[in-house]
Structures are given as structure tokens and as C-alpha cells.
Amino acid sequence: MSARTRDGLGGRAAIAGIGATEFSKDSGRSELKLAVEAVHAALDDAGLGPGDVDGMVTFTMDTSPEITVAQAAGIGDLSFFSRIHYGGGAACATVQQAALAVATGVAEVVVCYRAFNERSGRRFGSGVQQREPSAEGAALGWSLPWGLLTPASWVAMAAQRYLHTYNLTPEAFGHVAVTDRRYAATNPAAYFYGQPITLADHSASRWIVEPLRLLDCCQETDGGQAIVVTTTERARDLRRAPVVITAAAQGAGRRQEGMTSFYRDGLTGLPEMDVVARQLWRTSGLRPSDIDVAILYDHFTPFVLMQLEEFGFCAPGEAADFVAADALPFNTHGGQLGEAYLHGMNGIAEAVRQLRGASVNQVAGAAHALVTAGTGVPTSGLVLGVER
């Protein structure tokens, strides 16, 4: 049975272009300008112009609305526009939305984008100092009074339980950081280009919230990334070989909250990513052994380990050894720890480069790539492939 007959989507849409600004700590320009630059770069990569675009998708957290970006980028009529919620969890879902639109004929060329001055402007890592007047804000009221104000503090709760359950030390997380920075060191686009680290460097980095050290936490970045999605048929006639969207999924787990799902039955896994994994394997017809390269959302290192386990690459508690053994190439651009923190959109671009054979850290013969979006929140994922 083909992937297409499994879910009606697989293989009908493809990524035809990717484009980004430089990744910096002070862009010196507006977030709208960053978005437009990334959109233009992605269209140029695809061999398309602004007039070809009739759909746009971004994040609810983006400050540059689809209509504003379209106007500033010289794009005309739009027949489709959409936004996805839950921060980094939206990354792969923007591509899913675009794929659904082109597969059903709602639009023909859809641009997904994310742009922010996350270092020089609003720094998400600084956390929440007051509750918002909303249901989501009310949920934070159970954790903020106890000093759990930042993403690092929320993730630290699960990380501590993971270490305790599997009798591990914080060095288990260090293997992820070292791997990311090893790849970033050879990627000229990465902020930490030429700066690999060792396990000793990881262990010597300062505590942020125990058991998380500085090198367990992603950086903060100014920049933009855009991705062009169209039908596979049209992509065949464009500048780049199509990267086929084999499967796409969103997922939220039982008793899910934003990043404070502390009232689940356990804290050592990521149920939302399990929901995504089950859909991706079912609709793609693939298994973990079929994946040549994985781009795993790495805002914090512990959740990379949990993702490997949720997707079945290894058993619970065994991911640190799996990473240490280099059993699967992952985050070959350097990840958000090493290249840039673009809410996972730059990870999708790296998967595209891998399948084009154009990555600076190319995996020989890469034909299937797994990409994940933000963890700890309602999330999303993709399986991308080369056209046979």
C-alpha cells in the first residue's frame, strides 16, 4: 500500500524552496524586514517570484501577520492564510497546513515563515513574569507562585525525574550538546561555527536550573527562515528537485498543558510526541530503521533523549547511550543549540538540504528524514523524502 493511500496526503506536496537570513544576536532591522528577506530568499531558491504565491502560514507568536508580510514582499492575492499556536510546536505544522492546502487545491504555492529578534528584542528564555488574562495564563498560576517562571525551570522538573528514574547523571544530557556543537563547528551558517565542545566543557558550564546547565539550553537568535511548499507535480518543473512531504502530523497528549504538564501519569516521556510518532509511522509506512537522518527539536537537551525513545529508536532510558554511540545522525546543522534558535524552522531547512545532498554535514545517500517541532507543548512532525 502506498503512503498516498494511507492518508491522502503523502507524496502530493513537496518543499520546493528554502531561504533564511543570517543568524545573529543583533539583526539591526525589524522582524518584518527579516520575514520578507527570508521569504524572498526561499522563493529565489525555488525559482519562483512573489506573484506565484497564493498562500502563507506562520506562527501565532510571529509579530508579522501573513497579510502584512505578503504586502511587504510584493505578493498579490491570497487564497489561503493560517497561523499555528504553541510556539516551537508549530514548526512542522506550518508545513502540514501548507501541504494540506496545496493537496486539496485551496492554494498552489504556500510560503511558511518565522522571523524574530529573539535575542535583541523579546527574549523568550526570560520567562513569564505575570499571568495573561486567559485560560492558558490561568494554568500557569499553578507553577509561577513556586518560582517556576522560565522554560528552563519547567523542563528541569521532567529532566530531574528522568535522571532519577533511569539512574543517570546530568552527563547523559551532555552527549546531545556535544553532538550538536560538533556539527555546528563545521557549518558556516551556525552561530557556533568553529566552536565544538567536549563533555568536560558541558560539565563545567554553569547551572541554569538543576539539572540543566548552560550548554543544555538553546541559544537566543535574531533571524528569519522561510519554506516554499507546492504540489509535487509543479515542484518537478522548478529550480530544485522536490523534497516530498511523505507524512505530516500534529499531536497533543492527555492532560497536556503548555510546558507545565506536571500532572500526567509520568514525567519521563513526551506523550505529545508519541501521538505524532504513531501518526507518522502509520501514514508513511516507514519504521525507525528507515530514517537516515533526524532533525530533533532541541531547545533543551533532555527532550532530545525523550524524543528518540518516543519514536522507538531506542528503549526508555537508553537514549544517552544511543547518542553517545552515534547510532543515528541527528541535528547535522548544529541544531538550535549550535546553529540558531528559529523555533525549529531552520531544522526543516536542514532536512531539505540533506535530501538534496547539499548539507555541509551530508549523510551519504539520505533518502528519508524525520523532523520534529517543539516539545513539552502541543507539537508536530514531518517525514520528508526524495522522489523515487
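Reader: Which residues does isoleucine 75 touch, not counting those up to four places away in sequence?

Author: Happy to start there. In this predicted model, isoleucine 75 touches Val39, Pro50, Val53, Met56 and Ala70. Each of these counts as a contact because heavy atoms of the two residues come within 4.5 Å. Isoleucine 75 itself is placed in the loop between helix H3 (66-73) and strand S3 (80-84).

Reader: Why does isoleucine 75 count as buried?

Author: The relative accessibility of isoleucine 75 is 9%. The cut-off for buried is under 20%, so isoleucine 75 earns the word.

Reader: What separation is there between the C-alpha atoms of isoleucine 75 and glycine 51?

Author: The two C-alpha atoms are separated by 5.4 Å, although the residues are 24 apart along the chain.

Reader: Let's turn to H7. What makes its length agree with that of a helix?

Author: Helix H7 has 14 residues, 171-184. The expected span is 1.5 Å times one less than the number of residues, which means 20 Å for H7. The C-alpha atoms at its ends are 20 Å apart, so the two values agree.

Reader: Why is H7 called mostly covered?

Author: Of the 14 residues in H7, 12 are buried, that is, they fall under 20% relative accessible area. Among them are Phe173, His175, Asp180, Arg181 and Tyr183. The cover over the buried residues includes helices H6 (151-165), H8 (199-204), H11 (301-310), H12 (319-324) and H13 (335-338).

Reader: Which residues touch the most other members of the largest nonpolar core?

Author: They are Leu280, Leu305, Leu308, Phe311, Phe313 and Leu370, out of 48 residues in that core. The elements giving two or more residues to this core are H6, H7, strand S8 (243-251), helix H10 (271-284), H11 and H12. The most come from H6, which gives 8 residues.

Reader: Which residues are in contact with phenylalanine 313, leaving aside its neighbours within four places in sequence?

Author: Phenylalanine 313 is in contact with Trp281, Pro288, Ile291, Leu308, Phe322, Leu328 and Leu370. Another core, of 41 residues, lies apart from the largest one, and its members include Ala98, Ile295, Ala349 and Leu355.

Reader: Leu370 keeps turning up. What makes its strand, S10, mostly covered?

Author: Strand S10 runs over residues 368-372, and 5 of its 5 residues are buried. His368, Leu370 and Thr372 point one way, while Ala369 and Val371 point the other way. Residues on both sides are buried.

Reader: How do you know that S10 pairs with S9 and S11, and in which sense does each pair run?

Author: Two strands pair if there are at least two bridges between them, so the counts settle the matter. S9 (residues 293-295) and S10 have 3 bridges and run in the parallel sense. S10 and S11 (residues 379-386) have 5 bridges and run in the antiparallel sense. Leucine 370 stands opposite alanine 294 on one pairing and opposite valine 383 in S11 on the other. In the hairpin of S10 and S11, 6 residues lie between the strands, and glycine 376 takes a positive phi near 90°.

Reader: Finally, how many cavities of 30 Å³ or more does the structure hold?

Author: There are 2. About 140 Å³ of space lies in the largest cavity. It is lined by 14 residues, of which Ala158, Met259, Ser261, Arg264 and Phe303 are the closest to its centre. H6 supplies the largest share of that lining, 3 residues.

How values were computed
Residues are numbered from 1 along each chain as its sequence is written. This is a predicted model: local features need pLDDT of at least 70, side-chain atom pairs count only at pLDDT 80 or more; totals for chains, interfaces and linings use all residues. Side-chain values use heavy atoms; hydrogens and water are left out. Helices (H or I, at least four residues) and strands (E, at least two) are DSSP runs, numbered from the N terminus. Buried means under 20% relative accessible area, exposed over 50%, partly exposed in between (1.4 Å probe, protein chains only). A nonpolar core is a set of buried Ala, Val, Leu, Ile, Met, Phe, Trp, Tyr and Cys residues joined through side-chain atoms within 4.5 Å. On a 1 Å grid over the protein atoms alone, a cavity is a set of points where a 1.4 Å probe fits but cannot get out, and a pocket is an open set with protein on both sides within 12 Å along at least five of seven lines; lining residues have an atom within 4 Å of a point. Grid points are joined across faces, edges and corners, and a volume is the space filled by probe spheres set on the points.
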